[in-house]
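Me: Please take a close look at one part of this model, the helices at the start of the chain. I would like to know how they pack and what ties them to the rest.

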Amino acid sequence: MNPAQKALWYIESHLAEPLTLDDVASVAGVSRFHLVRAFAAATGLSVMRYVRARRLTKAAQALAAGAPDILSLALEADYSSHEAFTRAFRDHFGMTPEAVRAATCVDRLKLQEPITMDSTLLENLKPPRFETSKPLLIAGIGERCTHENAGAGIPNQWERFHQKVDAIPARIGKVAYGVCCNGDDAGNFDYIAGVEVADFSDLPREFSRVRIPEHKYAVFTHSEHISTIRRTVDTIWNHWLPISGMKAADAPNFERYDENFDPATGNGGLEIWIPVRE
């Protein structure tokens with residue numbers, strides 16, 4: 001099993017027990033940093049959000065079946081009080097636990113069913129080349145994202161980028177970059193659709209900025225349509241990296257779009273740069 005599959009198995013078999021990201025990463029055999037990205041690449045979800053959603057789903061199903069003791073359900077779902085559980089439940093489902101119990105059904109709720117991993121990894125991922133990147137200054141359109149909303153939000157960022165790129169001062173070259181950085185254990189990260197610049201001194205406040213330090217990268221080519229990039233990323237994090245003998249480094253990873261890429265059609269290919277260490 002790959003890291004995401006190991007994580008899913010462990011989560012589903014230990015939902016009624018205390019679970020931490022360190023616990024899941026240890027069973028998956030990778031670092032916390034690696035697991036957050038591998039799990040998101042495979043499922044589109046962050047690890048602990050999935051854990052929370054599964055626990056709340058089980059609680060909702062128990063309530064609809066008539067469970068009388070909400071505090072017991074709260075404790076089983078790893079909430080320390082009735083109030084904390086009710087707040088999380090309402091935020092997730094838009095209904096209180098009492099309302100679900102009174103309705104005796106979950107038809108209107110968006111439940112998180114167990115994810116069953118299939119074998120959709122690429123069988124023909126080309127080996128990467130290795131490069132030590134020069135330091136880069138990237139400026140562009142930035143947003144704080146989650147793995148759950150990135151699929152819709154990032155294309156919108158690129159649309160805004162193409163509308164405003166000519167207003168970015170001190171631009172160097174024609175290459176565009178999609179930079180993921182400042183990720184946390186909850187699956188939140190900054191994404192910047194941008195270009196390389198000479199400096200940030202005259203950059204208008206509407207643009208985000210990120211410094212990418214010199215680092216060793218594994219560079220993969222994605223030749224298919226941009227819409228299939230998630231499958232390539234999934235294969236890198238859940239297949240190539242675990243067997244490569246290398247470790248993921250805690251540094252920005254990014255997509256690199258040269259002049260061959262056509263933003264109007266999504267064709268032309270791109271490179272995926274993954275920071276690594278021995």
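Reply: What follows goes through the helix packing, then the salt bridges, and then a few positions further along the chain. The model is a predicted one, and the values below are computed from it.

Helix α1 covers residues 3-13 and helix α4 covers residues 47-64. These two helices pack with their axes 11 Å apart, at an angle of about 30°. An angle under 35 degrees counts as roughly parallel, so α1 and α4 are roughly parallel to each other. The crossing of α1 past α4 is right-handed. On the α1 side the contact is made by L8, I11 and E12, and on the α4 side by V47, Y50, V51 and R54. By class, the residues in this contact of α1 with α4 are 5 nonpolar and 2 charged, with no polar ones.

The arrangement of α1 against α3 has another geometry. The axes of α1 and α3 come within 9 Å and cross at roughly 90°. The pair α1 and α3 is therefore roughly perpendicular. From α1, the residues P3, A4, A7, L8 and I11 take part, and they meet L35, A38, F39, A42 and T43 of α3. The contact of α1 with α3 contains 9 nonpolar residues, 1 polar residue and no charged residues. L8 and I11 of α1 therefore appear in two sets of contacts: they meet residues of α3, and they also belong to the contact with α4.

Helix α3, residues 32-43, also packs against helix α2, residues 21-28. Here the angle is about 85° and the axes are 9 Å apart. An angle of 65 to 115 degrees counts as roughly perpendicular, and α2 and α3 are therefore placed in that class. L21, D22, V24, A25 and A28 make the contact from α2, while R32, L35 and V36 make it from α3. By class, the contact of α2 with α3 has 6 nonpolar residues, 2 charged residues and no polar ones. L35 is part of this contact with α2, and L35 also meets residues of α1.

Two residues named in the α2 and α3 contact, D22 and R32, also form a salt bridge, with their closest N and O atoms 2.8 Å apart. D22 sits in helix α2 and R32 in helix α3, 10 residues apart. D22 has a relative accessible area of 41%, so this residue counts as partly exposed. R32 is partly exposed as well, at 32% relative accessibility.

R32 has a second partner. Its side chain meets that of D185 in a salt bridge with an N to O distance of 1.8 Å. D185 lies in the loop between β3 (171-181) and β4 (188-197), whereas R32 is in helix α3, and the two are 153 residues apart. D185 is partly exposed, its relative accessible area being 32%. D22, R32 and D185 are thus linked in a network of salt bridges. As general background, side chains of opposite charge can pair when their charged atoms come close.

The model has 13 salt bridges by the rule applied. Another of them joins E196 and K134, with the closest N and O atoms 3.3 Å apart. E196 lies in strand β4 and K134 in the loop between β1 (129-133) and β2 (136-146), so this pair ties together parts that are 62 residues apart in sequence. The two residues fall in separate accessibility classes: E196 is buried, with a relative accessible area of 10%, and K134 is partly exposed, at 48%.

Two further positions place the picture in the rest of the chain. G66 is in the loop between α4 and α5 (70-76). G66 is partly exposed, with a relative accessible area of 43%. The C-alpha atom of G66 is separated by 51 Å from that of H222, which is 156 residues away along the chain.

P169 is in the loop between α8 (150-164) and β3. P169 is partly exposed, at a relative accessible area of 25%. Its C-alpha atom is 6.2 Å from that of L203, with their positions 34 residues apart along the chain. Setting aside neighbours within four places in sequence, P169 is in contact with V197, D202, L203 and P204.

Methods:
Residues numbered from 1 in each chain as written. Predicted model: local features only at pLDDT ≥ 70, side-chain atom pairs only at ≥ 80, totals over all residues. Heavy atoms only, no water. Axes fitted to C-alpha atoms, helices over the stretch in contact; angles between N-to-C directions. Helix = DSSP H or I, 4+ residues; strand = E, 2+ residues; numbered from the N terminus. Parallel < 35°, antiparallel > 145°, perpendicular 65-115°, else oblique. Contact = heavy atoms within 4.5 Å. Nonpolar A, V, L, I, M, F, W, Y, C, P; charged D, E, K, R; others polar. Left-handed = near helix turned anticlockwise from the far one by under 90°. Salt bridge = Lys/Arg side-chain N within 4 Å of Asp/Glu carboxyl O. Buried < 20%, exposed > 50% of the residue type's maximum accessible area, 1.4 Å probe, protein only.
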